[in-house]
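Please open the model in your viewer and keep the selection panel at hand. The tour below moves from stop to stop, saying what to select and what is found there.

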Amino acid sequence: MRALPSSVPWFLGILGLVVLAVTVMSEAVGTGLISTSFLKVLGMTLCFCLAALAMDVVWGYCGILSLGHMAFFGLGGYAIGMWLMYARTEIIVAANLAGRAIPPTEAELRDAIGSQIFGVVGASDFPWVWGFAHSLPLQLAMVVVVPGLIALVFGWLAFRSRVTGVYLSILTQAMTLALSLWFFQNDSGLRGNNGLSGLQNIPGFLDAPQAAVALAFFLASALALALGYVFFAWVVSGKMGSVIRAIRDDEARVRFLGYPVEGFKLFVFTLTAIVAGIAGALYYPQAGIINPGEMAPIASIYLAVWVAIGGRGRLYGAVIGAAFVSLVSTWFTGGGAPDIDLGFYRVDWVDWWLVLLGVSFVLVTIFAPKGLGGLVDLWTERRGRDRHGADLGPDQGALREREAGE
Amino acid sequence: MSGSTRLLEVSGVSVTFDGFRAINNLSFAIGPAEMRAVIGPNGAGKTTFMDIVTGKTRPDTGRVIWGDENISLIGMSEARIARAGIGRKFQRPTVFEEQSVRDNLTMALKADRGPFKVLFWKPSAEERAKVEDIADTIGLAGQLDRTSGELSHGQKQWLEIGMLLAQDPQLLLVDEPAAGMTPAEREHTTDLLKSLAKHHAVVVVEHDMEFVRRLDCKVTVLHEGSVLAEGSIDHVTKNQEVIDVYLGR
């Protein structure tokens with residue numbers, strides 16, 4: 001086992017403290033200082049952090065600005081949501097039919113579930129995509145398989161044609177748009193723009209108070225984030241990290257070293273899509289509802305903004321960015337921020353938050369390309385200054401390089 | 001090197017870019033453990049020649065045959081050609097500036113290149129020692145943990161040569177290795193290339209005649225995409241055509 005970067009114990013320690021503090025303050029087991037609805041927000045934020053980690057690996061480390069990773073997040077959410085909805089509807093329908101003199105047959109039960117779920121879109125038959133919805137293990141497998149497979153096929157087509165840079169971003173955005181438009185259609189069998197709802201009711205724990213369910217999902221999200229952090233820290237350390245950062249900086253050169261660049265990109269793209277799917281599967285039971293709007297390209301753009309503000313190319317930067325921006329966003333859009341009365345105009349943050357976010361994004365990109373994560377550098381450099389000895393002196397390489405070019 | 005006298009054979013290769021014939025019916029061959037200098041004025045097709053051999057550019061016609069098994073390199077990807085044993089050093093030093101000297105060398109080190117093999121790769125004691133050895137050869141022994149972006153221009157050139165060494169190719173294509181180097185650095189580079197040519201085929205593309213003279217090897221002169229003259233440095237510098245197109249200027 002190679003040595004993991006020093007940020008790992010720090011990260012796990014801080015995450016552990018946060019989890020402990022939140023648990024102690026939760027309604028389920030603690031003082032109740034944190035409301036269950038806010039606990040859900042925190043749990044969902046952790047899922048965003050996990051998705052941001054994946055985004056950072058694919059963008060910050062491998063240089064692929066994917067505008068599709070929130071689509072994979074949504075796919076994971078749909079995958080788990082289908083089982084949640086099916087299983088819960090099955091319980092309700094079974095209870096309704098239980099009073100009958102003749103017990104319902106398997107087919108009757110299935111039809112009844114179908115008309116319950118698809119009534120809103122004027123259908124009652126189960127479309128093929130619901131083929132596995134009756135089974136939790138199969139649907140859990142879909143959380144990983146569907147995003148992974150779509151990423152694999154899309155990535156294979158895109159990377160082998162050597163589409164790079166902004167063109168690749170546009171392509172991923174087109175994929176995301178196509179996917180969300182497909183989900184929007186009633187004919188696709190995923191309840192169109194209604195999406196899936198009631199996902200906060202977990203079959204098997206329907207009697208458990210939401211406070212306990214929320215805490216369980218919060219803890220599970222924290223665990224997933226911790227595992228995701230350690231896993232990605234392992235992936236981007238060592239030679240794999242070297243090669244993918246090299247691909248980001250100069251992929252042609254990496255080819256001449258003999259590395260199959262397309263294979264590495266495909267590996268990273270697919271792996272991070274799967275992790276985004278898992279994050280989504282943990283997110284939507286906490287959100288309670290998913291609809292195709294959440295898979296629209298704008299969501300993936302937000303993800304990129306979080307990572308940029310947090311500081312790409314460092315894992316904790318992505319986590320800080322996602323946590324900070326999404327929590328601040330909740331505060332602003334949830335009416336937490338007081339409106340500013342300018343006399344001639346009243347700044348209403350629900351409307352102006354996006355403008356503020358956009359401006360911060362531009363400012364961070366221009367003036368602090370290292371993002372919020374860069375603040376950590378200020379601290380570690382001050383702490384470590386005494387140990388480094390004398391400066392190695394100015395480097396004249398740049399000048400000579402210029403001379404060589406002339 | 002079992003009996004074969006030719007490691008790389010390029011024959012009758014032509015390539016046209018938007019009507020401009022960059023390489024025109026070029027033929028070239030090099031044996032194992034041979035040093036060759038390729039010279040020629042700007043636009044003679046030196047870099048395009050390297051691009052064809054390394055798979056970056058696909059020729060319109062002609063053959064590129066490699067190794068004992070006579071594999072055709074045409075249509076193979078850059079990465080596969082590199083794995084087959086052809087290493088390339090670019091004119092501008094292209095090392096990965098954000099990474100340490102050690103990381104750069106380790107990445108180049110001969111090993112399995114597949115993503116899963118790379119993910120689980122751990123350096124053996126032997127491989128660590130090899131990296132140290134190479135660093136020693138290229139004069140960067142004490143600097144393994146420095147970020148390579150901090151190195152001087154000459155040191156970057158050497159690091160890139162070191163990466164070639166780590167790759168351990170059978171054929172090294174070296175584009176202007178001495179560009180931007182001080183005289184002392186040039187001398188060191190000459191020695192390095194000469195010692196490499198004892199066990200590898202080395203093709204050096206160079207502008208600087210003094211440097212080529214010091215390499216003391218067979219010289220191929222390119223002009224307008226084809227071979228104008230070939231032979232010892234003294235032979236080609238006496239050739240009237242060569243003098244006219246290149247040296248006379």
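Begin by selecting the hairpin of β1(B) and β2(B), where two residues lie between the strands and B:D18 takes a positive phi near 45°. Strands and helices here are DSSP runs numbered from the N terminus, a strand having at least two residues (E) and a helix at least four (H or I). This is a predicted model, in which local features need pLDDT of at least 70 and side-chain atom pairs count only at pLDDT 80 or more, while totals for chains, interfaces and linings use all residues. Residues are numbered from 1 along each chain as its sequence is written, and chains are lettered from A and ligands numbered from 1 in the order in which they are written.

Now extend the selection to the whole of β1 (residues 8–17) and β2 (residues 20–30) of chain B, which pair in the antiparallel sense over seven bridges; two strands pair if DSSP finds at least two bridges between them. Within this pair, B:V13 has B:L26 in β2(B) as its bridge partner. Add strand β4 (residues 61–66) of chain B, which pairs with β1(B), again in the antiparallel sense, over five bridges, and look for B:S14, whose bridge partner in β4(B) is B:T61.

From β4(B), follow the chain into the loop between β4 and β5 (71–72) of chain B, where B:N70 is placed. The phi of B:N70 is near 50°, a positive value in a residue other than glycine. Is B:N70 buried or exposed? B:N70 counts as exposed because it has 11 C-beta neighbours inside 10 Å; a residue is exposed with 12 or fewer other C-beta atoms within 10 Å of its own, buried with 20 or more, and partly exposed in between, the C-beta atoms being placed from the backbone.

The next stop is the open sheet of six strands in chain B, which has mixed pairing and the order β6-β7-β8-β3-β9-β10. Its edge strands are β6 (86–89) and β10 (226–231) of chain B, each of which pairs on one side only. On average, neighbouring strands of this sheet are turned by 20° against each other, direction ignored, where axes are lines fitted to C-alpha atoms, for helices over the stretch in contact, and angles run from 0 to 180 degrees between N-to-C directions.

Select β3 (residues 35–39) and β8 (residues 201–205) of chain B, which run parallel and are joined by four bridges. β3(B) is also joined to β9(B) by four bridges, and these two strands run parallel as well. B:V38 is a useful residue to centre on: B:V38 stands opposite B:V205 in β8(B) and opposite B:T220 in β9(B).

Stay with strand β9 (residues 218–223) of chain B, which is mostly covered, with five of its six residues buried. β9(B) pairs with β10(B) in the antiparallel sense over five bridges, and B:H223 stands opposite B:S226 in β10(B). In the hairpin of these two strands, which has two residues between them, B:E224 takes a positive phi near 50°.

Then show helix α7 (residues 183–196) of chain B, which lies across β3, β7 (171–175) and β8 of chain B and runs at about 145° to β8(B).

Display both chains for the interface, where 29 residues of chain B are in contact with 29 residues of chain A; two residues are in contact if their C-beta atoms, placed from the backbone, lie within 7 Å. On the side of chain B that touches chain A, α2 (78–84), α3 (101–108), α4 (115–119) and α6 (153–167) of chain B each supply at least two residues.

Cross over to chain A and select A:R191, in the loop between α6 (165–184) and β1 (196–197) of chain A. A:R191 has a positive phi of about 65° although it is not a glycine, and A:R191 counts as buried because it has 24 C-beta neighbours inside 10 Å.

Finish at A:D351, found in helix α12 (residues 349–367) of chain A. The C-alpha atoms of A:D351 and A:F332, which are 19 residues apart along the chain, are separated by 9.2 Å.
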